[in-house]
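Hi everyone, thanks for having me. Could you pull the structure up on the screen so we can walk through it together?

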Amino acid sequence: MSGWDEGAVYYSDQAQSLGGDTDDPGSNAAAAASRHSVLQKFKEFIRNFETQSSTNVFPYRESLLHNPKHLVVDMEDLGDFDSDLPAKLRSAPADYLPLFENAAGQVLANLKTKVAGSEGQLEEPVPEDVQILLTSREDTTSMRKLGAQSISKLIKISGITIAASRVKAKATYVIVMCKNCKNVQRVPCRPGLGGAIVPRTCNHIPQPGEEPCPLDPWVVVPDKSKYVDQQTLKLQENPEDVPTGELPRNMLLSVDRHLVQTIVPGTRLTIMGIYSIYQASNSSTNHKGAVAVRQPYIRVVGIEEANDANSRGPAAFTAEEIEEFKKFAAEPDVYKSICSKIAPSIFGHEDVKKAVACLLFGGSRKHLPDGVKLRGDINVLLLGDPSTAKSQFLKFVEKTAPVAVYTSGKGSSAAGLTASVIRDNSSREFYLEGGAMVLADGGVVCIDEFDKMRPEDRVAIHEAMEQQTISIAKAGITTVLNSRTSVLAAANPPSGRYDDLKTAQDNIDLQTTILSRFDLIFIVKDIRMYSQDKIIASHVIKVHASAGAAVGDKREVSKEKEENWLKRYLQYCRTECHPRLSESASKSLQNHYVKIRQDMRQQANETGEAAAIPITVRQLEAIVRLSESLAKMKL
């Protein structure tokens, strides 16, 4: 800085004070200077950040111009640009995020052209509000690890949303007016669930002969205050992350501005947010005198939805994996080898395994031009004697399918399967919580003990199985939820065993309405045959004997890998492949269906009684879906 005292004009960009002008100026000068330099850095980042692959492409500048309301910033890019910015954001997000949004607004104002003012001369455009959404590629932390040390830090967690409240308006600042002297003051509100702190006294100095302003003279003027949208969500941890024997935890989230109403209950999310605390309104009842106890919540600053609706896991496949999948699909006996991978510990039941394979791959969903949707999911019912490994199949499917929910017939009610209306404790308003069929959207619902369900609960599944929606009209909430799920159900005949003396109709004992919604129905009998019993016995003994030995072995690793591989292959097929029927195939299916209907009519005329399972148009659709899923297996 030599030559500082020469006679020249120096200019410094004035730091804009951000609400910190109340304390004494000495301590604030340093803070303001550092904040100002950070603001400059943020502006520089938005203006000048280039992608590494191609120069002269400024992603943030472009996206600001295309979408001036919000800007999605990757923390990794921020780190590449300046290494200490992400650290600052992580340690004190509540201080630096407003700075970042301020910077984005100023950059946006500079990027736009000047506008003609009221008197015709050109004016600078006013900086607008831009919402900054952060994303990052770091790993998520578990909800159970969040403690006092992470309060007001930036954290990343994942989970399932189970409830969403209505949208409320939250004031960003409140205008208050003194009752006595009509003095007006502007009080800023804390973001998130915090409130405004209104001063107790009026700062108007009374003239002699005027009565002084009393304590608490302020009245809020709602028309002049400024508001943003705000909504609260409830996030529950993913079922696979819950330790055994524990209940899943949930966390309150608060989202504002452009994130409002983007999330429906039942979605899996990954969230970047600020872990903060608030004073619960009704906490006075349960913590009398505990002044310092606060409830935690998360202020969301970035949301990533887990990928496509039909596979909620990470759907990024490496090139080697895709190569391997294509190679596998080109083999002549794909169908056989997939069936051999399904529940390998169960002996026999070839047909059931084939059916379960079809169910896992699924047909393709179709949207007709007039708005009708045809389902692409296959429903399977296993009916038969005890100890024929029905529940093992269900457990296997639950482990293998990308999204699966396992329920049992007796323990689930209609509301638990579809959706229930719950009253919120704090705000006393009703909201919806999705049940098993809604949470498994895009996956499989396994229902065990299907015959033990109460009939009125079973009716709740009808709509979910055919139309794939669940409509609700309870407590002033009328809505339709999606439940695009396959149903795999297992049931016992009414007498406990399959009775060969009765007709098939008496043995099944479920209503025709629900039976026709199943594409495949298997009657699994426990046949007493010397040769077969011997093979089964040796198989079971072998499974038991080899189970203990294989634990420390390499076979365990390969088995784990095999299961994982099947899961990945499933996901790949479901996302990449959407087969359609060809001309010749549709012709042959059509003729086949007409012939079956004819035979049925003939049989009904001869014996004088209808068949146990009616063949309807649904069965034709079922055959179409099965053929599509077989095509999916071969990609």
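I'll start with how confident the model is, then go through some salt bridges.

So, keep in mind that what you're looking at is a predicted model. Averaged over the protein, the pLDDT comes out at 76, and 84% of the residues get to 70 or more. Where does confidence peak, and where does it bottom out? The highest value is in β9, at 86, and the lowest is in helix α6, residues 283-286, with a mean of 52. Two stretches fall below 50. One is residues 14-24, which has 13 contacts in the model beyond near neighbours in sequence. Another is residues 308-314, where the corresponding number of contacts is 21. Where pLDDT is low, we shouldn't read the predicted coordinates in detail.

Okay, salt bridges. How many does the structure hold? There are 9, and I'll pick out a few.

Let's begin with Arg 257 and Glu 101, whose side chains meet at 3.2 Å, N to O. This pair ties together distant parts of the chain, 156 residues apart. Arg 257 sits in the loop between β9 (250-256) and β10 (268-278), while Glu 101 belongs to helix α5, residues 93-111. Are these two buried or partly exposed? Arg 257 has a relative accessible area of 25%, so it counts as partly exposed. Glu 101 is at 17%, so that one counts as buried.

Next up is Arg 144, and you'll hear its name twice. It forms a salt bridge with Glu 237, at 2.9 Å from N to O. Again the partners come from distant parts of the chain, 93 residues apart: Glu 237 is in the loop between β8 (218-236) and β9, and Arg 144 is in the loop between β4 (131-135) and β5 (154-164). Glu 237 is buried, because its relative accessible area is just 4%, and the cut-off for buried is under 20%. Arg 144, at 23%, is partly exposed.

Which other residue does the Arg 144 side chain meet in a salt bridge? That's Glu 246, at 2.8 Å, N to O. Here the two are 102 residues apart, with Glu 246 in the loop between β8 and β9. Glu 246 has a relative accessible area of 41%, so it is partly exposed.

One last thing to find on the screen: Lys 41, Asp 82 and Asp 84 are joined in a salt-bridge network.

That's it from me, thanks for listening!

Key:
Residues are numbered from 1 along each chain as its sequence is written. This is a predicted model: local features need pLDDT of at least 70, side-chain atom pairs count only at pLDDT 80 or more; totals for chains, interfaces and linings use all residues. Side-chain values use heavy atoms; hydrogens and water are left out. A salt bridge is a side-chain nitrogen of Lys or Arg within 4 Å of a carboxyl oxygen of Asp or Glu. Helices (H or I, at least four residues) and strands (E, at least two) are DSSP runs, numbered from the N terminus. Buried means under 20% relative accessible area, exposed over 50%, partly exposed in between (1.4 Å probe, protein chains only). pLDDT is the predictor's confidence in each residue, from 0 to 100. Contact means heavy atoms within 4.5 Å.
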